[in-house]
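User: I have a protein model open and would like to go through it in small steps. Can we start with how far to trust it?

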Amino acid sequence: MKRRRQCWIGIVSLICFLLSAPMAWANKASVEIEAPNQAPKGSEVVIKLHVKHSADNFFHHVDWVVAKVNGKEIDRWEYSAFDLPKAADFTKEIKLTADKDLEIEAQANCNIHGSAGVSKHIIFVK
C-alpha cells in the first residue's frame, strides 16, 4: 500500500513538472530585420523580416507577423493550423520608397508561447 502511494505521488509530481516545463523552455516567435542603415532619398529599399520559431505544425506555429513603418502598420500575415507558414523559420520581404527616415518595427507571435517582442531598425535617408 505504501509503495502504491509513493508511485502515485511520483506520477503526479512528474505530470506537474511536465506541465510547467514548457514555459521555461518555450520558444517564442521572433523577427530579425535585415535592412540597410542608410538610403538615398527616393530610392527603393528592400527589407527582409527573418522570422524564427521552433515548430511549424498543426498544434504549434507562428500565427501572425506584423510590420510597421513610422508607427503605421504596412503589412500583416496571418496563419492558422490549416494555413501554416512555409517553415518554422521563414523570410518575408517588403519594398519601400525611402522619402524620409524609416523606423521599421516587426513582431511575430507563436500560437502557444507568444512573442519575443518587437524588433526595430532605422533607415536614415540622405
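**Confidence, strands and core**

Analyst: This is a predicted model. The protein chain has an average pLDDT of 89, and 89% of the residues score at least 70.

User: Which residues have a pLDDT below 50?

Analyst: Residues 21-25 do. Beyond near neighbours in sequence, that stretch has 2 contacts in the model. Where pLDDT is low, the predicted coordinates should not be read in detail.

User: OK, on to the sheet. In what order do the 3 strands of the open sheet come?

Analyst: The order is 1-3-6, with antiparallel pairing. Strand 1 (30-34) and strand 6 (90-98) each have a single partner strand, so they stand at the edges and one side of each is left without a neighbour in the sheet. On average, neighbouring strands of this sheet are turned by 25° against each other, direction ignored.

User: How many bridges join strand 1 to strand 3?

Analyst: There are 5, and strand 3 covers residues 43-52. As an example, Val-31 has Val-51 in strand 3 as its bridge partner.

User: I clicked on His-50. Is that buried or exposed?

Analyst: His-50 lies in strand 3. Its relative accessibility is 18%, under the 20% limit, so His-50 counts as buried.

User: And what does the side chain of His-50 make a polar contact with?

Analyst: With the side chain of Glu-34, at 2.6 Å. Leaving aside neighbours within four places in sequence, the residues in contact with His-50 also include Ser-30, Val-31, Phe-90 and Thr-91.

User: Different topic: how many residues are in the largest nonpolar core?

Analyst: It has 26 residues. Those with the most contacts inside it are Ile-33, Ile-47, Leu-49, Val-62, Val-65 and Ile-123. Two or more residues each come from strands 1, 3, 4 (62-69), 6, 7 (102-110) and 8 (119-125).

User: Which strand gives the most to this core?

Analyst: Strand 7, with 5 residues.

User: What does strand 7 pair with, then?

Analyst: Strand 7 pairs with strand 4 in the antiparallel sense over 7 bridges. There, Val-65 stands opposite Ala-108. Strand 7 also pairs with strand 8, again antiparallel, over 5 bridges. In that pairing Glu-103 is opposite Ile-122.

User: Back to Ile-123. What is it in contact with, leaving aside its neighbours within four places in sequence?

Analyst: Ile-123 is in contact with Ala-35, Pro-36, Asn-37, Gln-38, Ala-39, Val-45, Ile-47, Asp-101, Leu-102 and Ile-104. One of these, Ile-47, is also on the list of core residues with the most contacts.

Note on methods. Residues numbered from 1 in each chain as written. Predicted model: local features only at pLDDT ≥ 70, side-chain atom pairs only at ≥ 80, totals over all residues. Heavy atoms only, no water. Pairing = 2+ DSSP bridges. Helix = DSSP H or I, 4+ residues; strand = E, 2+ residues; numbered from the N terminus. Axes fitted to C-alpha atoms, helices over the stretch in contact; angles between N-to-C directions. Core = buried A, V, L, I, M, F, W, Y, C linked by side-chain atoms within 4.5 Å. Buried < 20%, exposed > 50% of the residue type's maximum accessible area, 1.4 Å probe, protein only. Contact = heavy atoms within 4.5 Å. pLDDT = per-residue confidence, 0-100. Polar contact = N/O pair within 3.5 Å; in protein donor to acceptor, adjacent residues only side chain to side chain.
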